[in-house]
Amino acid sequence: MDLHMMNCELLATCSALGYLEGDTYHKEPDCLESVKDLIRYLRHEDETRDVRQQLGAAQILQSDLLPILTQHRQDKPLFDAVIRLMVNLTQPALLCFGSLPKEPSFRHHFLQVLTHLQAYKEAFASEKAFGVLSETLYELLQLGWEERQEEDNLLIERILLLVRNILHVPADLDQEKKIDDDASVHDQLLWAIHLSGLDDLLLFLASSSAEQQWSLHVLEIVSLMFRDQNPEQLAGIGQGCLAQERSADVAELEVLRQREMAEKKTRALQRSNRHSRFGGSYIVQGLKSIGERDLIFHKGLHNLRNYSSDLGKQPKKVPKRRQAAQELSIQRRSALNVRLFLRDFCSEFLENCYNRLMGSVKDHLLREKAQQHDETYYMWALAFFMAFNRAASFRPGLVSETLSVRTFHFIEQNLTNYYEMMLTDRKEAASWARRMHLALKAYQELLATVNEMDLSPDEAVRESSRIIKNNIFYVMEYRELFLTLFRKFDERCQPRSFLRDLVETTHLFLKMLERFCRSRGNLVVQNKRNKRRKKKKVLDQATVSGNVPSGPEELEAMWPALAEQLQCCAQNPELSIDSMVPFDAASEVPVEEQRTEAMIRIQDCLLAGQAPQALTLLRSAREVWPEGDVFGSQDISPEEEIQLLKQILSAPLPRQQGPEERGAEEEEEEEEEEEEELQVVQVSEKEFNFLDYLKRFACSTVIRAYVLLLRSYQQNSAHTNHCIVKMLHRLAHDLKMEALLFQLSVFCLFNRLLSDPAAGAYKELVTFAKYILGKFFALAAVNQKAFVELLFWKNTAVVREMTEGYGSLDDRSSSRRAPTWSPEEEAHLRELYLAHKDVEGQDVVEAILAHLNTVPRTRKQIIHHLVQLGLADSVKDFQRKGTHIVLWTGDQELELQRLFEEFRDSDDVLGHIMKNITAKRSRARIVDKLLALGLVAERRELYKKRRKKLASSILPNGAESLKYFCQEDLEEEENLPEEDSEEDEEGSSEAEEVQGSLVLSTENLGQSLHQEGFSTPLLWLQHCLIRAADDREEDGCSQAVPLVPLTEENEEAMENEQFQQLLRKLGVRPPASEQETFWRIPAKLSPTQLRRVAASLNQPEEEQKLQPELQTEVPGEEGSDEEHRKEHRAQGLRALLLTHKKKGLASPEEEDTVGKEQLKTAPKKRQLLDSDEEQEEDEGRNRAPELAAPRIQKKKRFQIEDDEDD
């Protein structure tokens, strides 16, 4: 259908509306039905929007609908229908077509609809139309909620939608061609709104709590009213702003005049005095043409300076998908009267409406009562009105609703969401980029407002600013936001204005962060790191049910009952092996690898007392895995079967272990397994360093973005150029990385800047360019390759090599790299692998490690290199099965007994056995076998013995005993049988470190800390040690106990280096990883050792007070008391007194006296040792005399030694 010719039915309907005679419109009798027919036609129009285009071409709205609206307002049904039709006709073109059409034909239809909308907007720019709308809206708002009908609410909403649609129509810049300070169509529309009083009704709707349902409509209309306005310029109207605008215009004209004069001068120099048609031809030496000859120049010499090889070439056309994004928002200055009206509107809006309206809109957004993307209006209003408030007369109370950490979080969350959608939804990337720009503007204005609060004379306002900044700078997401936006900046989707705002926001954030760090001294921030965690395996059935292998004593006690059952079952011929299947045929785990699980199932049955099932499962497993005689030979006797089951019962089979029980080598093997990995965010705290944070910006992607914006330095504002230069100066000067800017495109930009006739207006840029060029030529004098480096963008590693010398980076990192394999080492590795790969019951990697005497290698390095050489298919081929060596033969047991008898008096019994035993086994299995044979009673007998190097008389008082205590504990840690040789080396190095740090005695450290005022933290530490000892005595188990300081005094002590040195000497362990924050009392310390350490912290004054008490209470034990002090020089007198009380060294008569003294002095002593809660319990006990006996029994917890120490 030809759209230029109107459809006959549509024409007849339009003709039935009425006619205009002069200024009076005469409606037809069926005018209402005709309006409804037009609404129905619009509802059924096709995808080209043909009805809409025909109605627009016929100017139905201008010639019929507007006159009906203004002259027949009394006809309510007709008025409502006309409003409905006008809302439909004026809806945005993007809503009509869904999106911007890409096909040429649909793009033509889209532009036609847009042209008709612009004509509608121009027709609405009259006071009459808006006067009728405002009067109708006023009458409807006068009705209360009980009087207002549903039709009234619909009419209010349609009027607001009509105003929204009219304001939403974009301006036709080519048609209007308006300059600043001239009234455009949009300005005329705003002035008509002001004259009609509709702006007052909008303020009423925004401020009334009873009209909250229209909050989003009002906010959308207000945002469209101020679409082209600048809040800073708007706030300055009437405050000398005209003079400022005039001076800014004069400065801009002066720059343009300087450029024009320079161009005229250049053209004058190019003209010669005598015109010649033949300018001559010249040979340019040193500049080659296409061939090998010198270039021939056919123009005058005055044109040689501007010669380029690109002259005459056709510029390369850039594809549309690679073209830079176009600027959509254009700011302009409206007419003066319109700006004055808008300024007053903003002031009244901030005074009466902003906080309530923004709170209501935020509630709608959070409760999902709004439509999709309505949060963009919220972010626009936040940025605009907070900027207006900051520029006019800064009053934080007017914008308090959006001035909080929650608002920062809301904006950051939406900004991150828009950023992710821009990367994933490539078709709508431009739309997501525009939304992201709005969120960035809101974030920038929030930072600017908080920065303005620092300058407020009100102390409360400055304190609020400090709290907000503390929360923002602490969270990592706020700090990483700018780095992410710079690294993912795409000029194809994001316009140049987004990059400008990003640069200015980053400049403001860095300035605030730097100032905050200087004022605080040190700043602790949050740090997050993604940690890859293995998916936990399903625990074994024995572990879940609690049938975990117990100690050797319990197993020995359990065995007689199991042996009787096994003897009965072994002689039973009816025992069938078909009832028990030792493997799962449907499992993905190979049958050979299920051998370990079968062995564990046998052990679980024995632990559960199910002897018949264990024997049946053993015989079934023997049928499945006959090789190696792991489950016994085929002709095994019943007695040998029972003995084999006994060995399986006591064998340390590999089970699911906790992270604390895994060795370092087992963790390496787990990393080699192909299991599902989970991302875990590990949160910790660290001290913030501003220069380290600034180094994150030292990358080529960030610098490219800054250089891209610097290319348009002539169009940038002075503030934007300052932000660019400041960031580049931070990277070049503060970080000493000038070489990051040694790039040819940057130097071409500097050349254009220095040759600019108006370079005097960019003094800061010129100074920085000269600084960078000077640094480059200074480096080029030393490094001739710097000229070649100009062709590439560089990272920090290349910059370091350029300045410090090539190869310096390799020298630094060579120590951390794994040693390379030489051809000889590879040949040796291949020989060893071929020689040991077929040996049954032997780990081939362990055999290679034992015979590889070249550069030290780890198990993981050898396995990976075997896979690289093609000798193995996968690293899974070298996983330990755990059941290669389970049973001990009789000869092996005899050999173990002989080696034990031979080396039992040596310092390292276990080490000598492992070196000389024939069948190599792990340390844990040898220890378990020695315990099973009864050669040793406990594992402690196999620990490595070391002699003390210092006599007890060398160190004063308790220092020697404390040092011996630390050495003894470290020896125990070294000789744990579950750890491998690598952990032993770590333990020995740790022992050497602790022994080397014991330069000062504990007594001297304690006295010096007392003198420095750390008496209270020392008493707190002593209290914690004794409490840990008491808990371990009562519970019977030990685990690491953290030292949690709850007061500022204790926190300062834990950060003191001397106090930390004392903690290390006492055996307290510092935080082992980033997951731990506090120091911990190790689990290996026994209650006796903890009390001994606590006694060494006694103050000299307390010892002097306790000495007369000791002499009066224990008069008959002076001789033994003297021997006791000689034997335990590290303990204080109070510890000796408590020890005597527990061991009963006093006479019975004196024991009653001591008991009474305990009742009297217990609260005073417990104040030093117990917490406040226990102190309250003791006060309650003092009020009840009948509880005295349990009170004395409770006092036995505070012993310093055990009876075993005698």
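The following paragraphs describe the overall make-up, the nonpolar cores, two enclosed helices and selected surface features of a predicted model.

The protein comprises 56 helices and eight strands, and 44% of its 1206 residues count as buried. Among the contacts in the protein with a separation of 6 or more, 73% are accounted for by residues 24 or more positions apart. The area that the protein exposes amounts to about 65500 Å², of which carbon and sulfur atoms supply 50%. One example of positions distant in sequence is given by Arg 257 and Ala 758, which are 501 residues apart in sequence, while their C-alpha atoms are 9.0 Å apart in space. Arg 257 belongs to helix 15 (residues 241-270) and, because its relative accessibility is 43%, counts as partly exposed.

The largest nonpolar core has 194 residues, and the residues with the most contacts inside this core are Phe 124, Phe 226, Phe 385 and Phe 697. Helix 20 (residues 429-453) contributes 13 residues, the largest share of this core. Apart from the core of 194 residues lies another core, of 31 residues, which includes Leu 555, Leu 566, Ala 598 and Ile 602. The surroundings of Phe 124 can be set out in detail: when residues up to four places away in sequence are not counted, Phe 124 touches Leu 61, Leu 66, Met 86, Ala 129, Phe 130, Leu 162, Ile 166 and Leu 189.

Two helices were examined for their enclosure. In helix 3 (residues 50-57), seven of the eight residues are buried, and the helix is therefore largely enclosed by the rest of the structure. The buried residues of helix 3 are Asp 50, Val 51, Arg 52, Gln 53, Gln 54, Leu 55 and Gly 56, a set whose cover includes helix 1 (8-15), helix 2 (31-43), helix 4 (60-71), helix 5 (76-89), helix 6 (93-97) and helix 7 (104-124). Following helix 3 is Gln 59, for which phi is positive, near 55°.

In helix 13 (residues 215-225), eleven of the eleven residues are buried, so that this helix, too, is largely enclosed by the rest of the structure. The buried residues of helix 13 include the charged-type side chain of Glu 220 as well as Ser 215, His 217 and Ser 223, alongside Leu 216, Val 218, Leu 219, Ile 221, Val 222, Leu 224 and Met 225. The cover over the buried residues of helix 13 includes helix 9 (150-168), helix 11 (185-196), helix 12 (198-207), helix 16 (336-352), helix 17 (354-366) and helix 18 (375-391).

At the surface, Leu 744, Val 788, Leu 791 and Phe 792 make a nonpolar patch of about 390 Å². Of these residues, Leu 744 is found in helix 33 (residues 744-754), and its relative accessibility of 40% is the reason why Leu 744 counts as partly exposed.

With respect to cysteine, the structure holds zero disulfides. Cys 699 counts as buried because its relative accessibility is 17%, under the 20% limit. Cys 1024 likewise counts as buried, because its relative accessibility is 17%.

Notes:
Residues numbered from 1 in each chain as written. Predicted model: local features only at pLDDT ≥ 70, side-chain atom pairs only at ≥ 80, totals over all residues. Heavy atoms only, no water. Disulfide = S-S within 2.5 Å. Buried < 20%, exposed > 50% of the residue type's maximum accessible area, 1.4 Å probe, protein only. Patch = residues over 30% accessible without salt bridge, like charges linked within 9 Å, V, L, I, M, F, W, Y side chains within 5 Å. Areas by Shrake-Rupley, 256 points an atom, 1.4 Å probe, with all protein chains shown as cover. Salt bridge = Lys/Arg side-chain N within 4 Å of Asp/Glu carboxyl O. Helix = DSSP H or I, 4+ residues; strand = E, 2+ residues; numbered from the N terminus. Core = buried A, V, L, I, M, F, W, Y, C linked by side-chain atoms within 4.5 Å. Contact = heavy atoms within 4.5 Å.
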